[in-house]
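Here is my note on your model. Keep the structure open as you read, and check each point by eye.

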Amino acid sequence: MTGFEHMVTIQQWGLLLSLVSTSVFAEEGITTGTFPVSHRNVVTLSVPLQGLDSQVALEGEHVLGERVSVGLGVSATWVNTRLRVSPRWSDPVDGWNNTHLELGLAPAMRFYLTGTAPRGLWVSPRVEVGYGMGSTTFVGADKNDTRFINTESDAWFLGAMGVVGYSVVLEPGFTLQGGVGLGARRNVSSTGQPMGASDGSITVVDYRDTRWTFAERLVLNVGWAF
């Protein structure tokens, strides 16, 4: 082998090693760099707290940068209460059934004060909007007794809340989030109340109630980051 051929071989091996090392460092930067591309999305399910065992909330989070993410929560609340009177002679009805269904959406942003999204301490402004419907059905009531006519109601709400929390992501992706929140909420409800007239007919009167309430929240979510 001549000196020229030896030099060409060394240059070829040097170029090959350079390309391999560049590829390795590039892949390493994607997974271990300051911006964790491998964990840009998080999906979590709420753990019921404060006795809200009938509510289920699913939340998704998408990382926009090292300190910012956006999210959307979807919640559903279902309550079905059955009450019965015993013995029967103590009340003019056998009992009643109450049902309530509520669906809600909660868009939000998160600003990470420590760590790198989706890990660390964060603050989150969020908006909450939803709609609910309910009914009360009496069992064993006299149909002519206006005190025990079945009623229906519906309601919607709109509110805003600030939440402070902390997120932990364990490899390969198990996520645990906890936080506390405080906000205000506007509730508008409408209930159809039956009223008996002097001629024995029954008229349903719509009662509307509007009010502002303060809301507090404890957050505990478990899920997966990917």
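1. A definition comes before the rest. Ala, Val, Leu, Ile, Met, Phe, Trp, Tyr, Cys and Pro count as nonpolar. Asp, Glu, Lys and Arg count as charged. The others count as polar, and Gly is among them. You will need these classes for the cavity and the pocket below.

2. Start with the status of the model. It is predicted. Please say so early in your own write-up.

3. Now the overall layout. The protein chain has 1 helix and 8 strands. Read from the N terminus, the order is α-β-β-β-β-β-β-β-β. The helix therefore comes before the strands in that order.

4. Next, burial and surface. The protein chain has 226 residues, and 26% of them are buried. The exposed area of the protein chain is about 14,200 Å². Carbon and sulfur atoms supply 65% of that area.

5. Look at contacts along the chain. Take the contacts between residues at least 6 apart in sequence. Of these, 60% join residues at least 24 apart.

6. How many cavities of 30 Å³ or more does a search of the whole structure find? The search finds 1. The largest cavity has a volume of about 160 Å³. Its lining has 19 residues, and the closest to its centre are Glu 59, Gly 60, Gly 71, Ala 108 and Arg 110.

7. Sort that lining by class. The largest cavity is lined by 8 nonpolar, 7 polar and 4 charged residues. Gly 60 and Gly 71 are among the residues closest to the cavity centre, and Gly belongs to the polar class here.

8. Which strand gives the most to the lining of the largest cavity? Strand β3 does, with 5 residues. At least two residues each come from β1 (41-46), β2 (55-63), β3 (68-84), β4 and β5.

9. Move on to the second largest pocket. Its volume is about 150 Å³. The residues that line this pocket are His 100, Glu 102, Gly 132, Ala 155, Trp 156, Phe 157, Arg 185 and Asn 187. By class, the pocket lining holds 3 nonpolar, 3 polar and 2 charged residues. Try sorting the names yourself.

10. Strands share the work in this pocket too. β4, β6 and β7 each supply at least two residues of the pocket lining. The most come from β6, with 3 residues.

11. Is Glu 128 buried or exposed? Glu 128 is in strand β5. Its relative accessibility is 8%, so Glu 128 counts as buried, because the cut-off is under 20%.

12. What does the side chain of Glu 128 make a polar contact with? The partner is the side chain of Arg 217, at 2.9 Å. Neighbours within four places in sequence aside, Glu 128 is in contact with Leu 105, Ala 106, Phe 157, Leu 158, Gly 159, Met 161 and Arg 217. Phe 157 also appears in the lining of the second largest pocket.

13. Finally, check two peptide bonds. The bond from Ala 117 to Pro 118 is cis, with omega near 5°. Pro 118 sits in the loop between β4 (95-112) and β5 (120-139). Glu 171 and Pro 172 are also joined by a cis peptide bond, with omega about 5°. Pro 172 lies in the loop between β6 (151-170) and β7 (174-196).

Notes
Residues are numbered from 1 along each chain as its sequence is written. This is a predicted model: local features need pLDDT of at least 70, side-chain atom pairs count only at pLDDT 80 or more; totals for chains, interfaces and linings use all residues. Side-chain values use heavy atoms; hydrogens and water are left out. Helices (H or I, at least four residues) and strands (E, at least two) are DSSP runs, numbered from the N terminus. Buried means under 20% relative accessible area, exposed over 50%, partly exposed in between (1.4 Å probe, protein chains only). A polar contact is a pair of N or O atoms within 3.5 Å; within protein, one must be able to donate a hydrogen and the other to accept it, and residues adjacent in sequence count only if both atoms are side-chain atoms. Contact means heavy atoms within 4.5 Å. On a 1 Å grid over the protein atoms alone, a cavity is a set of points where a 1.4 Å probe fits but cannot get out, and a pocket is an open set with protein on both sides within 12 Å along at least five of seven lines; lining residues have an atom within 4 Å of a point. Grid points are joined across faces, edges and corners, and a volume is the space filled by probe spheres set on the points. Accessible areas come from the Shrake-Rupley method with a 1.4 Å probe; for residues, only the protein chains shown count as cover.
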